[in-house]
Amino acid sequence: MDDKYFMKIALDLAAKGEGFTSPNPMVGAVVVRDGEVVGKGYHEAVGKAHAEVNAIDDAGSSAEGATIYVTLEPCNHTGRTPPCTEKILSSGIRRVVVAMDDPNPDVRGGGNDYLRKQGIDITSGICEEEARKLNEVFIKYIRTKRPFVILKCAMTLDGRIATKTGDSKWVSGEASRKFVHRVRHAVDGIMVGMGTIRKDNPSLTTRLEGMNGLDPARIILDTRLSVSRDAKILHLDSDSDTILITDGSVSADKKAGFENMGARVIGYPARDGRIDLDFLMDKLGELGITSLLIEGGSCVIASALKAGIVDKVLFFYAPRILGGDDGVPVCKGPGPDLMRDCLPVRDVRVRRFDDDVMIEGYIDKS
């Protein structure tokens with residue numbers, strides 16, 4: 001069994017923290033001695049012990065002379081918890097295998113360098129690609145202070161998200177919808193426009209079988225603050241915020257009325273009656289939103305793509321054909337004149353959810 005074998009165990013452990021660690025990364029660690037796993041741990045939630053600490057504590061005295069496999073470079077600074085480098089040194093571990101260096105430019109390499117100076121054998125870059133994908137949200141946010149943006153859409157085979165009457169329940173199947181709720185649990189915020197609120201009156205919460213999923217903050221683009229006071233998003237038993245984004249010209253009295261109902265009302269600049277989404281991403285980053293799921297509708301999807309804020313797409317194709325040109329398209333508004341001006345998508349992956357097909361890929365911004 002080689003380094004990759006044990007690192008993949010650490011990566012699987014790290015993934016257990018999905019949805020619970022923001023704004024921290026997901027990290028897993030495995031302590032191995034004489035070819036046997038003697039300790040396991042992962043970062044379970046923000047503010048709790050780091051993966052290395054949990055794994056070393058699990059190993060106990062067996063950590064002496066052992067190797068620790070960790071999916072992210074051990075920290076060498078004090079934050080909510082003490083530095084993991086000191087825990088490693090005090091345990092007697094002699095070798096550290098790291099999947100990826102810390103992407104934070106302020107601390108990158110510091111943990112590895114410190115351990116090397118203390119005589120610890122360091123190996124880095126094992127399963128690095130898998131580790132980077134696992135923490136793609138953290139990597140973008142720590143470098144840009146802007147959220148990692150995922151665009152999700154469910155459509156018929158002929159590219160319609162609803163009929164001409166607006167009926168969209170349900171385009172995709174139950175298995176696809178369950179997966180989307182896992183995505184909701186994993187992200188900090190979910191964003192829709194007022195068209196979706198008026199038509200569907202959604203809760204925008206997380207519903208997962210067998211676990212208490214976390215609700216993302218509900219971010220509603222509502223330039224004129226026209227949301228109904230009876231809308232579900234204003235009457236939820238949820239620990240997360242409902243944030244109404246307006247164009248800033250809403251009266252103080254109207255704003256106060258919704259704030260008294262528990263919502264946050266924030267005014268930002270608008271262009272041609274629409275919120276400047278590029279500007280909004282900076283502001284959401286300042287609010288601590290590290291990841292954002294956009295669920296539509298057509299105008300919001302088109303605006304997000306045109307603004308260049310989308311990092312990743314999840315397009316669900318259901319085995320249905322509307323068979324007309326009067327349904328609701330994925331994007332509304334004008335597109336490019338030439339195919340060469342389309343947005344390229346890279347690193348494409350295809351997954352099946354029963355009869356639905358999901359296309360996952362990343363917008364190429366190079």
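Two strands are taken as paired if DSSP finds at least two bridges between them. In this predicted model, strand β1 (residues 28-33) and strand β3 (residues 67-70) satisfy that criterion, since they pair in the antiparallel sense over 4 bridges. Within this pairing, Ala29 has Val70 of β3 as its bridge partner, and Val30 stands opposite Tyr69, likewise in β3. Strand β3 is also joined to β4 by 4 bridges, the two strands running parallel, and here Ile68 stands opposite Val96 of β4. Both faces of β3 are covered, with Thr67 and Tyr69 buried on one side and Ile68 and Val70 buried on the other.

These strands belong to an open sheet of 5 strands, arranged in the order β2-β1-β3-β4-β5 with mixed pairing. The edges are occupied by β2 (36-42) and β5 (121-124), each of which has a single partner strand, so that one side of each is left without a neighbour in the sheet. From one strand to the next the twist averages 15°. Helix α1 (residues 3-15) packs on this sheet, where it touches β1, β2, β3, β4 and β5, and the direction of the helix makes about 145° with that of β1.

A salt bridge provides a further link between helix α1 and the sheet: Asp3 pairs with Arg95, with the closest N and O atoms 2.8 Å apart. Because Asp3 lies in helix α1 and Arg95 in strand β4, the pair ties together parts that are 92 residues apart in sequence. Asp3 has a relative accessible area of 19% and is therefore classed as buried, the cut-off for this class being under 20%.

Helix α2 (residues 51-59) also contributes buried residues, namely Ala51, Glu52, Val53, Ala55, Ile56 and Ala59, and these pack against β1, β2, β3 and α3 (84-91). The helix is followed by Gly60, whose phi is positive, near 65°. In the loop between β4 (95-98) and α4 (110-117) lies Met100, which is buried with a relative accessible area of 1%. When neighbours within four places in sequence are left aside, the contacts of Met100 are with Thr71, Leu72, Glu73, Glu128, Ala131, Arg132 and Ile139. Leu89, by contrast, is 11 residues from Met100 in sequence and 20 Å from Met100 in space, C-alpha to C-alpha.

A second open sheet is formed by 9 strands in the order β11-β10-β9-β8-β14-β6-β15-β18-β17, again with mixed pairing. Its edge strands are β11 (264-267) and β17, each pairing on one side only. Neighbouring strands of this sheet are turned by 20° against each other on average, direction ignored. Strand β6 (residues 148-155) and strand β15 (residues 312-317) run parallel and are joined by 6 bridges, with Lys152 standing opposite Leu314 of β15. Helix α11 (residues 298-307) packs on the sheet and touches β6, β8 (189-193), β9 (217-221), β14 (291-296) and β18 (356-363), its direction making about 135° with that of β14.

A search of the whole structure finds 22 salt bridges. One of them joins the side chains of Lys312 and Glu360, at 3.0 Å from N to O. As Lys312 lies in strand β15 and Glu360 in strand β18, this pair ties together parts that are 48 residues apart in sequence. Lys312 counts as buried at 9% relative accessibility, and Glu360 counts as buried at 5%. Salt bridges that share partners join Lys133, Glu136, Lys312, Arg349 and Glu360 into one network. Another salt bridge is formed by Glu174 and Lys178, for which the closest N and O atoms are 3.7 Å apart. These two residues, Glu174 and Lys178, are 4 residues apart in helix α7 (residues 174-186), and are therefore separated by about one helical turn. Lys178 is partly exposed, with a relative accessible area of 39%.

On the surface, Val345, Val348 and Val350 make a nonpolar patch of about 250 Å². Val345 is found in strand β17 (residues 345-353), and this residue, Val345, counts as partly exposed at 38% relative accessibility.

Methods
Residues are numbered from 1 along each chain as its sequence is written. This is a predicted model: local features need pLDDT of at least 70, side-chain atom pairs count only at pLDDT 80 or more; totals for chains, interfaces and linings use all residues. Side-chain values use heavy atoms; hydrogens and water are left out. Buried means under 20% relative accessible area, exposed over 50%, partly exposed in between (1.4 Å probe, protein chains only). Contact means heavy atoms within 4.5 Å. Patches are made of residues with over 30% relative accessible area and no salt bridge: like charges are joined within 9 Å, nonpolar side chains (Val, Leu, Ile, Met, Phe, Trp, Tyr) within 5 Å. Accessible areas come from the Shrake-Rupley method with a 1.4 Å probe; for residues, only the protein chains shown count as cover. A salt bridge is a side-chain nitrogen of Lys or Arg within 4 Å of a carboxyl oxygen of Asp or Glu. Axes are lines fitted to C-alpha atoms, for helices over the stretch in contact, and angles run from 0 to 180 degrees between N-to-C directions.
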